[in-house]
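Work through the exercises below with the sequence and the 3D structure at hand. Each task is followed by a solution in steps.

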Amino acid sequence: MKFPAFLFSLLVSKLADQILLFLVPLVVFQVTQDVAWSGYAFAAETFPRFLSFPICGALCDRISPIRLLRGSQIFRALVCVLGVLGNEALGGIGWLVGLSAVCGVLTTQGVMAREVMLPQIAGNGHGFDKVLAYAQTAEQTGMVLGPLIAAALFAFWPWQAVVGAAAALFLLADVATAYWRRGNPMQLHEPQVAKGHFLQPIKTALGHLLHLPGLLRLTGLTAGVNLMLGTTLASSAAMVTGLHHRSATYYAGLQTLGAVATIVILLSIIRGSFALKKMGLTAYLLIFGGGLLTAVSTSHWGYAAGFLLVIGFDKMFSIYIRIHRQRIIPAHDYGKTTGVIVLLNNLTQPLAGLLVGAFADATQTRMVIFGLCMLVGAIGIAAALASRSSSATAP
């Protein structure tokens with residue numbers, strides 16, 4: 001079925017996307033010499049990605065996801081080229097920020113199109129857990145290699161040439177997608193004809209979230225995991241280099257180990273066989289335990305162990321959630337409902353960053369992390385009690 005070509009397309013597309021994510025804050029800082037402007041550029045680059053999830057998800061239920069995926073890749077390449085040409089003609093760093101923001105929205109469209117297609121690919125002779133694990137391994141590999149490739153290219157080329165390389169990677173991803181589709185006999189579900197006003201898909205998605213059994217509980221659990229992940233990522237630089245007095249090189253190595261740990265865990269899911277409920281419970285408990293370790297450990301070894309648990313088992317929990325979610329949501333509403341849920345789930349990551357920034361100084365960071373860990377634990381207990389209650393009342 002040429003599934004490796006699909007994975008290669010995902011890997012290359014992720015590489016190009018990570019190159020842009022790496023490039024924008026760095027180039028803006030080099031040009032302005034102002035950390036604040038670098039932060040603003042990162043926000044301008046990432047906010048559209050989150051906010052466009054519901055719209056992109058709704059489109060996947062109205063337009064063929066393979067068309068949306070290919071359009072996403074081709075238009076990202078075109079936007080990169082137009083951004084570079086605009087910079088050459090008129091100058092200004094705004095062209096880089098603008099092209100990255102537009103590419104961010106198109107990336108979200110590609111992510112949602114693949115999300116809708118993966119259950120259909122799994123239904124064509126592959127287990128959904130294996131398909132998700134393969135896909136997340138390819139994505140995680142791209143996330144690891146993207147910044148490294150971007151840094152290597154940027155050391156020798158101007159940023160305009162690096163953006164051109166990203167455009168070439170987007171086109172290569174589309175070629176791989178076309179090759180996969182040409183050798184793939186599977187029939188993708190035809191989307192339904194659009195009905196109702198433009199807010200109707202969001203209304204439908206919220207209705208499913210509130211009324212489909214277990215979906216609200218799963219969304220709460222994912223929000224808790226993302227809160228723990230966001231807290232860890234937002235505080236890790238200060239904790240490693242400040243509280244534990246480690247070097248920037250040590251911090252970079254710890255981040256790399258986190259990515260490697262994630263890939264190892266995903267490969268173990270591919271090769272092994274895990275009961276779904278056990279997978280979710282194990283991942284949530286280990287993420288919670290890792291968060292506690294980062295808060296209470298007085299040793300950098302203990303902090304590193306906690307950091308690796310949080311980062312490494314996040315993707316295992318993601319596979320559990322996506323399998324469970326796919327079983328609950330009706331296929332014809334899968335895109336719109338998933339888009340709204342992903343937006344709600346991801347809001348807790350920037351919220352964690354705001355909480356860490358607002359209430360923590362060098363002496364209080366551990367207490368803030370501990371308090372957020374307790375909140376994550378309370379969310380898990382509430383979800384377990386809700387699950388037990390629904391099981392007891394089910395006919």
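A salt bridge is a side-chain nitrogen of Lys or Arg within 4 Å of a carboxyl oxygen of Asp or Glu. By this rule the count for this predicted model comes to six salt bridges.

**Exercise 1. Find what the salt bridge between Asp174 and Arg70 joins, and decide how far each residue is covered.**

Step 1. Check the distance: the N to O separation between the side chains of Asp174 and Arg70 is 2.9 Å, and the cut-off is 4 Å.

Step 2. Place the two residues. Asp174 belongs to helix 7 (residues 159-182) and Arg70 to helix 4 (residues 65-90), so the pair ties together parts that are 104 residues apart in sequence.

Step 3. Apply the accessibility cut-offs: buried means under 20% relative accessible area, and exposed means over 50%, with partly exposed in between. Asp174 has a relative accessible area of 6% and is therefore buried. Arg70, at 31%, counts as partly exposed.

**Exercise 2. Describe the network of salt bridges that contains Glu115.**

Step 1. Take the pair Glu115 and Arg322, whose side chains meet in a salt bridge of 2.7 Å, N to O. Glu115 lies in helix 5 (residues 94-122) and Arg322 in helix 12, so this pair ties together parts 207 residues apart in sequence.

Step 2. Take the pair Glu115 and Arg325. Their closest N and O atoms are 3.5 Å apart. Arg325 also lies in helix 12, so here the parts tied together are 210 residues apart in sequence.

Step 3. Combine the pairs: Glu115, Arg322 and Arg325 are linked in a network of salt bridges.

Step 4. Check burial. Glu115 has a relative accessible area of 8% and is buried. Arg322 is buried at 11%, and Arg325 is buried too.

**Exercise 3. Compare the expected span of helix 12 with its end-to-end distance, then do the same for helix 9.**

Step 1. For helix 12, 29 residues at 1.5 Å a residue should span 42 Å. The expected span uses one less than the number of residues. The end C-alpha atoms of helix 12 are 42 Å apart, which agrees.

Step 2. For helix 9, the 29 residues should also span 42 Å, and the end C-alpha atoms are 39 Å apart, which agrees.

Step 3. Look for bends. Helix 12 has a kink of about 30° centred on Asp314. Helix 9 has a kink of about 50° centred on Ser235.

Step 4. Add the surroundings. Helix 12 is mostly covered, with 22 of its 29 residues buried. After helix 9 comes His245, whose phi is positive, near 55°.

**Exercise 4. State which helices line the second largest pocket and what kinds of residue they bring.**

Step 1. Start with the volume: the second largest pocket holds about 570 Å³ of space. It is lined by 20 residues, and those closest to its centre are Arg217, Lys277, Leu281, Ala384 and Ser387.

Step 2. List the helices. At least two lining residues come from each of helix 9 (215-243), helix 11 (276-296), helix 12 (300-328) and helix 15 (365-393). Helix 15 gives the most, with nine residues.

Step 3. Sort the lining by class: 11 residues are nonpolar, six are polar and three are charged.

Note on methods:
Residues are numbered from 1 along each chain as its sequence is written. This is a predicted model: local features need pLDDT of at least 70, side-chain atom pairs count only at pLDDT 80 or more; totals for chains, interfaces and linings use all residues. Side-chain values use heavy atoms; hydrogens and water are left out. On a 1 Å grid over the protein atoms alone, a cavity is a set of points where a 1.4 Å probe fits but cannot get out, and a pocket is an open set with protein on both sides within 12 Å along at least five of seven lines; lining residues have an atom within 4 Å of a point. Grid points are joined across faces, edges and corners, and a volume is the space filled by probe spheres set on the points. Helices (H or I, at least four residues) and strands (E, at least two) are DSSP runs, numbered from the N terminus. Ala, Val, Leu, Ile, Met, Phe, Trp, Tyr, Cys and Pro count as nonpolar, Asp, Glu, Lys and Arg as charged, and the others, Gly among them, as polar. The bend at a residue is the angle between axes fitted to the seven residues ending there and the seven starting there. Buried means under 20% relative accessible area, exposed over 50%, partly exposed in between (1.4 Å probe, protein chains only).
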